[in-house]
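The following exercises concern salt bridges, burial and backbone geometry. Please study the sequence and the structure before reading each solution.

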Amino acid sequence: MPAFSPHPDGPAMTPPPSPDLPAPVLIVEDDALMQRRIVGILNQLGYGNDVLVLAATLADARIELARQSFALALVDLGLPDGNGVELIAQMSAPTGAAMSADDGPGILVISAWSTDDLILNALRAGATGYVLKERDDLELLLSIRSVLRGGAPIDPFIARRILDLTQAPPATPGRVGEDVLTARELQILQLVAEGLTNREIAEQIFLSRHTVECHIKNIYRKLTVSSRTRAVFAARSRGLLA
């Protein structure tokens with residue numbers, strides 16, 4: 001499927017793509033109005049239409065994935081031929097022995113679906129964030145921008161559902177174990193959840209970038225995860241983050 005053009009009878013009036021924006025972008029959405037809304041938001045962020053690729057079904061999306069790799073994917077879950085969780089799992093799967101989950105594309109779910117199973121399955125499959133379609137354009141834009149900055153944006157409604165579903169029992173006083181994060185690790189993980197990069201975290205808490213990276217590796221090990229998104233999800237599931 002060719003890159004999106006909102007004006008099939010003439011040239012698309014879009015800003016030139018910024019070299020700082022990860023591209024290309026895959027938009028998996030079957031509703032034409034929502035497609036245009038997402039494209040408009042991406043245009044506001046500085047994306048040109050020539051780097052945006054639309055897919056209306058799982059089958060179309062898989063064809064596009066076979067043709068090229070994507071740096072960012074915005075995925076609806078309710079598609080005509082299935083749900084987007086399968087696609088998220090495919091995009092998140094490492095393609096080489098040396099590839100980690102952090103090397104994959106940012107994947108933001110933009111969906112009207114918010115059932116408990118779908119929420120958890122999408123996040124476990126590797127979604128970077130989850131936002132509901134009912135949010136206004138500014139909220140969607142901020143969620144996409146957070147993904148681009150390495151964050152893990154979760155819709156407030158979705159966050160409440162996750163907390164309800166995965167409330168962890170209070171820790172036993174004095175309990176010590178490999179899965180217990182230190183105060184510094186919790187501080188860093190909170191900043192990760194807010195979308196800060198390692199360099200920004202280092203500057204904010206006056207540590208070296210190398211030290212921050214070491215703390216993040218320890219967080220991964222203790223939570224048994226391999227990416228920033230999954231670390232945030234695991235911490236929220238255990239009641240370590242609000």
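**Exercise 1.** Is Glu-213 buried, partly exposed or exposed? Determine also how its salt bridge is placed in the helix.

*Solution.* The model is a predicted one.

Step 1. A residue is buried under 20% relative accessible area and exposed over 50%, with partly exposed in between. Glu-213 has a relative accessibility of 29%, so it counts as partly exposed.

Step 2. The salt-bridge partner of Glu-213 is Arg-209, and their closest N and O atoms are 3.4 Å apart. Arg-209, at 46% relative accessibility, is likewise classed as partly exposed.

Step 3. Both residues belong to helix H9 (residues 209–223); because they are 4 residues apart there, about one helical turn separates them. In general, an α-helix has 3.6 residues a turn, so residues three or four places apart point the same way.

**Exercise 2.** Which residue forms a salt bridge with Asp-155, and where in the chain do the two partners lie?

*Solution.* Step 1. Asp-155 pairs with Arg-135; the closest N and O atoms are 2.6 Å apart.

Step 2. Asp-155 is in the loop between helix H5 (137–148) and helix H6 (156–165), while Arg-135 is in the loop between strand S7 (129–132) and H5. The pair, 20 residues apart, thus links distant parts of the chain.

Step 3. Asp-155 and Arg-135 are both buried.

**Exercise 3.** Why does the salt bridge between Arg-149 and Glu-200 tie together separate parts of the sequence?

*Solution.* Step 1. The closest N and O atoms of Arg-149 and Glu-200 are 3.3 Å apart.

Step 2. Arg-149 is located in the loop between H5 and H6, whereas Glu-200 is in helix H8 (residues 198–205); the pair therefore ties together parts that are 51 residues apart in sequence.

Step 3. The relative accessibility of Arg-149 is 39%, which makes this residue partly exposed. Glu-200 is also partly exposed, its relative accessible area being 25%.

Step 4. For the count over the whole model, the structure holds 9 salt bridges.

**Exercise 4.** Which residues of H8 are buried, and what covers them?

*Solution.* Step 1. The buried residues of H8 are Asn-198, Ile-201, Ala-202 and Ile-205.

Step 2. Around the helix axis these residues span an arc of only 100 degrees, so they lie on the same side of H8.

Step 3. The exposed residues Arg-199 and Glu-203 are carried by the face of H8 turned away from its buried side.

Step 4. The cover over the buried residues of H8 includes helix H7 (183–193), H9 and helix H10 (228–237).

**Exercise 5.** What is the sign of phi at Phe-206 and at Thr-224, and which peptide bond joins Ala-23 and Pro-24?

*Solution.* Step 1. Phe-206 is not a glycine, yet its phi is positive, at about 60 degrees. This residue follows H8 and is found in the loop between H8 and H9. With a relative accessible area of 73%, Phe-206 is exposed.

Step 2. Thr-224, also a residue other than glycine, has a positive phi near 55 degrees. Thr-224 is placed in the loop between H9 and H10. Its relative accessible area is 69%, so Thr-224 is exposed.

Step 3. The bond between Ala-23 and Pro-24 is a cis peptide bond, with omega about 0 degrees. Pro-24 lies in the segment before strand S1 (25–28).

Methods:
Residues are numbered from 1 along each chain as its sequence is written. This is a predicted model: local features need pLDDT of at least 70, side-chain atom pairs count only at pLDDT 80 or more; totals for chains, interfaces and linings use all residues. Side-chain values use heavy atoms; hydrogens and water are left out. A salt bridge is a side-chain nitrogen of Lys or Arg within 4 Å of a carboxyl oxygen of Asp or Glu. Helices (H or I, at least four residues) and strands (E, at least two) are DSSP runs, numbered from the N terminus. Buried means under 20% relative accessible area, exposed over 50%, partly exposed in between (1.4 Å probe, protein chains only). The arc is that of the directions from the helix axis to the C-beta atoms. Contact means heavy atoms within 4.5 Å.
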